[in-house]
Amino acid sequence: MAPSRPTDGAKAATTTKPQQPTTSQLEAVRISVRALLSQPNYDDGSTGPVIVRLAWHSAGTYDAASGTGGSNGAGMRYEAEGGDPANAGLQHARAFLEPVKTAHPWVSYADLWTLAAVVAIEEMGGPRIPWQGGRTDIGTKEEDQARLPPRGRLPDGAQGAHHLRVIFGRMDFSDQEIVALSGAHNLGRCHLDRSGFEGKWVNNPTRFSNQYYKVLLANEKEWRRTTLENGVEQFVYVEEEKDQGEGEKEEPEEVLMMLPTDMSLLEDPEFRKWVEIYAADKDRFFVDFSAVFAKLLELGIRRDIEGNVVNVSNVQAGYRSAPKKASTPQAKL
């Protein structure tokens, strides 16, 4: 069901724009997202982690000083944003969500991507995250395209603590919030042909927990710097083979890895304090992650007392949902 629109008679008397979706409409989208999360032939059997990354990168372009970027607009549908090397591989997440767009053509991509991430986190055992709809999709007009954020605003995993504070500080996040958001690395894995890194952070990358912090701390003295075939450096931990008796060895778990930015959370005293807190207290981590992820998805969005989005572009265009795109991964959009 599409968001309600004025009748023909009303159109003649008013300039009312399409309204924001209702709770019942959005619940139907939630149900559709849940149905597609299990994908046995993709990565570790779930689309959840890559969908979370899609929403994260869509929202993580926000700049508090200029008020530009953020999840409102779904600018990654265009090459100017989608082609940022930091977004490599996210065409898969967008393609996975196209059946939902087909079933609910009224929903904006900006709402779909962010709501899907919230649903995915919950379905993977994570906390319930406050979420409100009303985001609109950037159009093709010149003034719309001017809203697309410049490349280079997303974190670079090869950097350190200073870089994290610069990137997240631009979005007005504190040290505690930076460490809490880093906990999303409990999900998914890196791919050499996408981010340039390779491997997963934890043994079960489709289950949301505080294991990322535990693994980071428990193996602190065992992390070994290594250089990948592409020249990129990361840290790996290889469990020793266990003796099964009679000379047989148990196969070790898959190699776990950490990025230089992950290791910087241990090296920096202020960051480390929160790593230790979250490693020891899963409930505290869930509460803080829920709050900061909700904040991330709302960056750049202004709402009235009833929760309606009141950004100028949204008010002028109404609830604008862009046409459906291809159902298969596209390198360039």
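**Helix packing, a hairpin and an aromatic cluster**

Helices α9 and α10 are roughly perpendicular to each other. That reading follows from the crossing angle of their axes, which is roughly 100°, because angles of 65 to 115 degrees count as roughly perpendicular. The model is a predicted one, and every value here was computed from it. Two packed helices are described by the angle between their axes and the distance between the axes. For α9, which covers residues 161–169, and α10, which covers residues 175–182, the axes come within 10 Å.

The residues that make this contact can be named. From α9 come Leu164, Arg165 and Phe168, and they meet Asp175, Ile178 and Leu181 of α10. By class, the contact of α9 with α10 consists of 4 nonpolar and 2 charged residues, with no polar ones.

These two helices belong to a protein chain with 15 helices and 7 strands. Of the chain's 333 residues, 51% are buried. Among contacts in the chain with a separation of 6 or more, 70% join residues that are 24 or more positions apart.

Gln176 gives an example of residues far apart in sequence and brought together in space. Gln176 lies in α10, and its C-alpha atom is separated by 7.1 Å from that of Phe271, although the two residues are 95 residues apart along the chain. Leaving aside residues up to four places away in sequence, Gln176 touches Trp274, Tyr278 and Asp288.

A second example involves helix α13, where Glu276 is found. Glu276 and Tyr213 are 63 residues apart in sequence, yet their C-alpha atoms are 7.3 Å apart in space. Glu276 itself is partly exposed, since its relative accessible area is 38%.

Helix α12, residues 260–267, is mostly covered, with 7 of its 8 residues buried. The buried residues are Pro260, Thr261, Asp262, Met263, Ser264, Leu265 and Leu266. What covers them includes the helices α9, α10, α11 (211–218) and α13 (269–280), together with the strands β4 and β7 (256–258). The crossed pair α9 and α10 is thus part of the cover over α12.

Next come the aromatic rings. The structure holds 16 aromatic pairs. In one of them, the rings of Tyr212 and Tyr213 have their centres 5.1 Å apart and their planes at 70°, so this pair is edge-to-face. The cut-off behind that label is a plane angle over 60 degrees. Tyr212 and Tyr213 are both buried.

The pair formed by Phe289 and Phe293 has another geometry: the ring centres are 5.4 Å apart and the planes lie at 15°, so the pair is stacked. Here the angle falls under 30 degrees, the limit for stacking. Phe289 and Phe293 both lie in helix α14, residues 282–298, and are 4 residues apart, about one turn of the helix. Phe289 is buried, with a relative accessible area of 0%. Phe293 also counts as buried, at 0% relative accessibility.

Both pairs belong to a cluster linked by ring pairs, whose members are Phe208, Tyr212, Tyr213, Trp274, Tyr278, Phe285, Phe286, Phe289 and Phe293. Two of these names have come up before: Trp274 and Tyr278 are among the residues that Gln176 touches.

Strand β4, part of the cover over α12, also forms a hairpin. Strand β3 (residues 224–227) pairs with β4 (residues 233–237) in the antiparallel sense over 4 bridges. Within this pairing, Arg225 stands opposite Phe235 in β4. The hairpin has 5 residues between the strands, and Gly231 takes a positive phi near 90° there.

A positive phi also appears at residues that are not glycine. Most residues other than glycine have a negative phi. Asp43, which is not a glycine, nevertheless has a positive phi of about 45°. Asp43 is found in the loop between α2 (23–36) and α3 (48–59), and is partly exposed, with a relative accessible area of 36%. Ala74 is another non-glycine residue with a positive phi, in its case about 50°. Ala74 is found in the loop between α3 and α4 (79–82). At 0% relative accessibility, Ala74 counts as buried, whereas Asp43 is partly exposed.

Note on methods
Residues numbered from 1 in each chain as written. Predicted model: local features only at pLDDT ≥ 70, side-chain atom pairs only at ≥ 80, totals over all residues. Heavy atoms only, no water. Axes fitted to C-alpha atoms, helices over the stretch in contact; angles between N-to-C directions. Parallel < 35°, antiparallel > 145°, perpendicular 65-115°, else oblique. Contact = heavy atoms within 4.5 Å. Nonpolar A, V, L, I, M, F, W, Y, C, P; charged D, E, K, R; others polar. Pairing = 2+ DSSP bridges. Buried < 20%, exposed > 50% of the residue type's maximum accessible area, 1.4 Å probe, protein only. Phe/Tyr/Trp six-rings, centres within 6.5 Å; stacked < 30°, edge-to-face > 60°.
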